[in-house]
Amino acid sequence: MKVFLDAGHGGKDPGALGNGLQEKDIALSVTLKVGEILKRHNVEVIYSRTTDVFLELSERTNLANKANADIFVSIHCNAAENVNAKGVETFSYPNSTKGTALAKCIQDSILQSKIYTLNRGIKTANFAVLRQSNMPSALVELAFITNIDDFKILKDKQEELALAVAKGILNYLGVKYIEKTKIDCSPWAVEAMEWAKKLGLTDGTNPKDSRLI
Ligand SMILES: [Zn+2]
């Protein structure tokens, strides 16, 4: 499975601004964290950008299309003149059944994580990145950079947001999420440890416990 992750904006385009934060920085930080979680699950990850650089929208979709990615996920923050506007919403391209399913997986996962202030729902939009990508695509607006409660989430809960987005993507792909443990080992060992924990053989804190060998 190949996932194309697109951190919104970058370089000369800061995206939305609010409370001293720039959308491009939050989008990049969360996107890279999402990618790390996906890679841990043996999902191939391709990024539009991994640094603070500017790319045209068409460059982003060209990269995804050339790479033959299975899905395209663009990560953004919202903004509004009305500082009370807040919440999370995820977009797909109109009439794309798979895109809608992908958007729903991401939105639902964020709702489950409880890292949001308001559920604005899944929506469709004729965004260039959704229109020009050849694969199922979704664009998530994590929260409003212009709202004080949302801003706190964007500033302090990037790990949790990334985890929620990654879990949503994994769910769409049908890949089971595996908890990151403190033990640095391969996914199969983590699964074995989960199994041992379920059986009550271990609480997971001592992987070298002789009873496990
Ligand atoms: Zn944006």
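**View 1. What lies over the buried residues of helix 2.** Strand 1 (2–7), strand 5 (71–78) and helix 4 (128–132) are among the elements that cover the buried residues of helix 2. Please keep in mind, here and in the other views, that this is a predicted model. Helix 2 spans residues 57–66, and its buried residues are R60, T61 and A64. Seen down the axis of helix 2, these buried residues fall within an arc of 90°, so they line one face of the helix. It helps to recall that an α-helix has 3.6 residues a turn, so residues three or four places apart point the same way.

**View 2. The other face of helix 2, and what follows the helix.** Turned away from the buried side of helix 2 is a face that carries the exposed residues S58, E59 and K66. If you follow the chain onward, helix 2 is followed by N68, a residue with a positive phi, near 55°.

**View 3. L130, a buried residue of helix 4.** Helix 4, met in the first view as part of the cover over helix 2, is also the place of L130. Is L130 buried or exposed? L130 has 23 other C-beta atoms within 10 Å, and 20 or more make a residue buried, so L130 is buried. Leaving aside residues up to four places away in sequence, L130 touches F91, S92, Y93, G99, A125, S137 and L139. Look for F72 as well: F72 and L130 are 58 residues apart along the chain, yet their C-alpha atoms are separated by 8.1 Å.

**View 4. The largest nonpolar core.** This core has 52 residues, and those with the most contacts inside it are I71, I106, L142, V165, A166 and I169. Which helix gives the core its largest share? That is helix 6 (residues 158–173), with nine residues.

**View 5. Helix 1 against helix 6.** Helix 1 (residues 23–40) packs with helix 6 at an angle of about 50°, and their axes are 8 Å apart. The two helices are therefore oblique to each other, and their crossing is right-handed. On the helix 1 side, the residues that meet helix 6 are I26, S29, V30, K33, V34, I37 and L38. Their partners in helix 6 are Q158, E159, L161, A162, L163, V165, A166 and I169. A good place to pause is A166, which touches V34, I37 and L38, not counting residues up to four places away in sequence. You may remember A166 from the previous view, as one of the residues with the most contacts inside the largest nonpolar core.

Note on methods
Residues numbered from 1 in each chain as written. Predicted model: local features only at pLDDT ≥ 70, side-chain atom pairs only at ≥ 80, totals over all residues. Buried ≥ 20, exposed ≤ 12 C-beta atoms within 10 Å, placed from the backbone. Helix = DSSP H or I, 4+ residues; strand = E, 2+ residues; numbered from the N terminus. Arc of directions from axis to C-beta. Contact = placed C-beta atoms within 7 Å. Core = buried A, V, L, I, M, F, W, Y, C linked by C-beta atoms within 7 Å. Axes fitted to C-alpha atoms, helices over the stretch in contact; angles between N-to-C directions. Parallel < 35°, antiparallel > 145°, perpendicular 65-115°, else oblique. Left-handed = near helix turned anticlockwise from the far one by under 90°.
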